[in-house]
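Visitor: I am new to this structure and would like one careful, unhurried look at its paired charged side chains. Please set them in their surroundings as you go.

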Amino acid sequence: MIQKRYYIENLRIAAPVILSFAGQQLVQVVDTIMVGRLGAVQLSAVSLSSAIITNIMMIGFGIAMALTPLTGYHYARGEKEQCNILFKNSFLLNILMSLALCGLLCVINPLLQYFGQPQSVLDTLDGYYYCVTFSLIPYLIFMTFKQYLEGLGNTFYAMLITIGCNILNVILNFGFIYGYMGFPELGVTGAGVATLISRLAMPIAIVIVIYFKKEFRCYFVRQQTTDNGQQTLSKFSGFQVFRFSDLFKVGYPIATQMTVELLALTFMTIMMGWLGEKTLAANQIAQTMIGLSFMIANGVAAASTILVSHDYGRKDVASIKNHAYSAIHLGIAIMIFFALLYAFGGEYLARIFSNDEEVIAIASKLFIVVALFEIFDGTQVTALGALRGLTDVKRPMYYALVCYLLVEIPVGYILGFKVGLGAVGIVGGFMAGLILAAILFLRRFRKLVFELGIRN
């Protein structure tokens, strides 16, 4: 029986992350609602752009996330110097990664015409696509600070900044999409401009917070001892090749796992596009809500990563198990709520996003399938969070390759086009991949905890 305090500790750490993630996804919800009022073509343009950009962004996001468990491990051992060195190396690595990803996205855009998408959608997406693409640079800089503070056990300030900038994004959306408040009316492009401006504000805000919070300074500057024994602060030393290697060893499997999962979603979006603009628009509605529920469960998973990494640093196997399983239970509870919401309120949710009856009808059917896999989604993401806390990332990467590329996409194609289930069949393939992932991640965690118990 897991003690109540483990659930409380998870919720204490998770609550700010959940609010941050949920707020971030709610902006996507608002974007979708506001752009959806412009028409199915505009909504489809945002859907296709978001699918491509988010998939590529996950590469950088995964690399940035390596900083949290590594920092958490050294923080639990009181090794401030090692935390500081990790941050500096991660900061430089993430800047280089953001520049590379922007270049890759600029290369991909002209190639979208070869993926069988409606020409009307391709003619609409450029402005939004490029604005969101270049917003990755400030966003990954912010992510470096965010993941580092989370490794130190602080999730509050990143939450405040994320929510504040999300509110800014919504306000700017009203201005730039519709031309309110004296702003130019830019339509779909306006949503991209709002995202770019709000993401530029995020790293500026978090640097200001850190500057005024003295308790963080010792983790951002390096202590050095002079010949006469005095302590000085060196801000620019600490770049080490082996630290780049450590970050990359943990980061690239996380990035691969996340990218593969979203790549499957991207292929799902592409297959939806083969069924027409209405289906693509309905898919955007369903994916937006899936993203909201996933982000909330992912907040619990992030708390699991933080707490398990601290337990791992202290070699406390009992706490590793209790923090991990309490997080999994919380994730399942959250997803049960959303499953009921989607099963019984799917049509009402669809009507919030669109007034097109055909789009609403398709989205309502998709929500029924989504309701069936929510529990498995919550299980797999929280179990994966615990594995990351143990810095066990390579085996889950292989599992993701199997579940999402070898199961999800083929099953979705067969059900959607060979069996003739259409959009419902495509989402059914996604469900098959999630079920298998939940089983494999749970088995892996149990095996590792058993081995840690034997060694200790």
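Guide: In this model, which is a predicted one, contacts between residues 24 or more positions apart make up 81% of the protein's contacts with a separation of 6 or more. Two leucines give a picture of such distant parts of the chain, and they make a useful start before the charged pairs. L48, which belongs to helix α2 (residues 40–65), has its C-alpha atom 7.0 Å from that of T269, although the two residues are 221 residues apart along the chain. Beyond its sequence neighbours up to four places away, L48 touches Q117, V121, L122 and L125, and L48 counts as buried because its relative accessibility is 2%. L330, for its part, is found in helix α13 (residues 317–353), and its C-alpha atom is 9.2 Å from that of T379, with their positions 49 residues apart in sequence. Leaving out residues up to four places away, L330 touches Y7, N10, L11 and V300, and with a relative accessibility of 16% L330 also counts as buried.

The setting for these residues is a protein with 16 helices and 2 strands. Its radius of gyration is 22 Å, close to the 23 Å that the globule rule gives for 456 residues, so the protein is as compact as a globular protein of that length. Along the principal axes, the C-alpha atoms fill a box of roughly 75 × 55 × 35 Å, and 60% of the 456 residues count as buried.

Now to the charged pairs themselves. Side chains of opposite charge can pair when their charged atoms come close. Taking a nitrogen of Lys or Arg within 4 Å of a carboxyl oxygen of Asp or Glu as the test, the count in this protein comes to 9 salt bridges. One of them joins E150 and K146, whose side chains meet with a distance of 2.7 Å from N to O. Why are these two separated by about one helical turn? Because E150 and K146 are 4 residues apart in helix α7 (residues 136–151), their separation is about one turn of that helix. Both partners are covered: E150 counts as buried because its relative accessibility is 4%, and K146 counts as buried because its value is 3%.

A second pair is formed by R314 and D311, whose closest N and O atoms are 3.0 Å apart. These two residues lie in helix α12 (residues 277–314), where they are 3 residues apart, about one turn of the helix. Are R314 and D311 buried or partly exposed? R314, at 48% relative accessibility, counts as partly exposed, whereas D311, at 1%, counts as buried.

The pair of R444 and D392 links separate parts of the chain, and its side chains meet in a salt bridge of 2.8 Å from N to O. R444 lies in helix α16 (residues 423–455), while D392 lies in the loop between α14 (357–389) and α15 (394–418), so this pair ties together parts that are 52 residues apart in sequence. R444 and D392 are both buried. Elsewhere, salt bridges that share partners join E347, R351 and E357 into one network.

Cysteines offer another possible kind of link to check. A disulfide is a covalent bond between the sulfur atoms of two cysteines, and the count in this protein comes to 0 disulfides. For C106, the closest cysteine sulfur is that of C102, and because it is 6.6 Å away, it is too far for a bond. C106 counts as partly exposed at 26% relative accessibility, whereas C83, with a relative accessible area of 0%, is buried.

The outside of the protein completes the picture. Its accessible surface comes to about 18,100 Å², and 67% of that area belongs to carbon and sulfur atoms. On this surface, I167, I171, F174, Y180 and M181 make a nonpolar patch of about 510 Å². F174, one of these residues, is found in helix α8 (residues 156–178), and because its relative accessibility is 36%, F174 counts as partly exposed.

Note on methods
Residues numbered from 1 in each chain as written. Predicted model: local features only at pLDDT ≥ 70, side-chain atom pairs only at ≥ 80, totals over all residues. Heavy atoms only, no water. Patch = residues over 30% accessible without salt bridge, like charges linked within 9 Å, V, L, I, M, F, W, Y side chains within 5 Å. Areas by Shrake-Rupley, 256 points an atom, 1.4 Å probe, with all protein chains shown as cover. Buried < 20%, exposed > 50% of the residue type's maximum accessible area, 1.4 Å probe, protein only. Contact = heavy atoms within 4.5 Å. Disulfide = S-S within 2.5 Å. Rg over C-alpha atoms; globule rule 2.2 N^0.38 Å.
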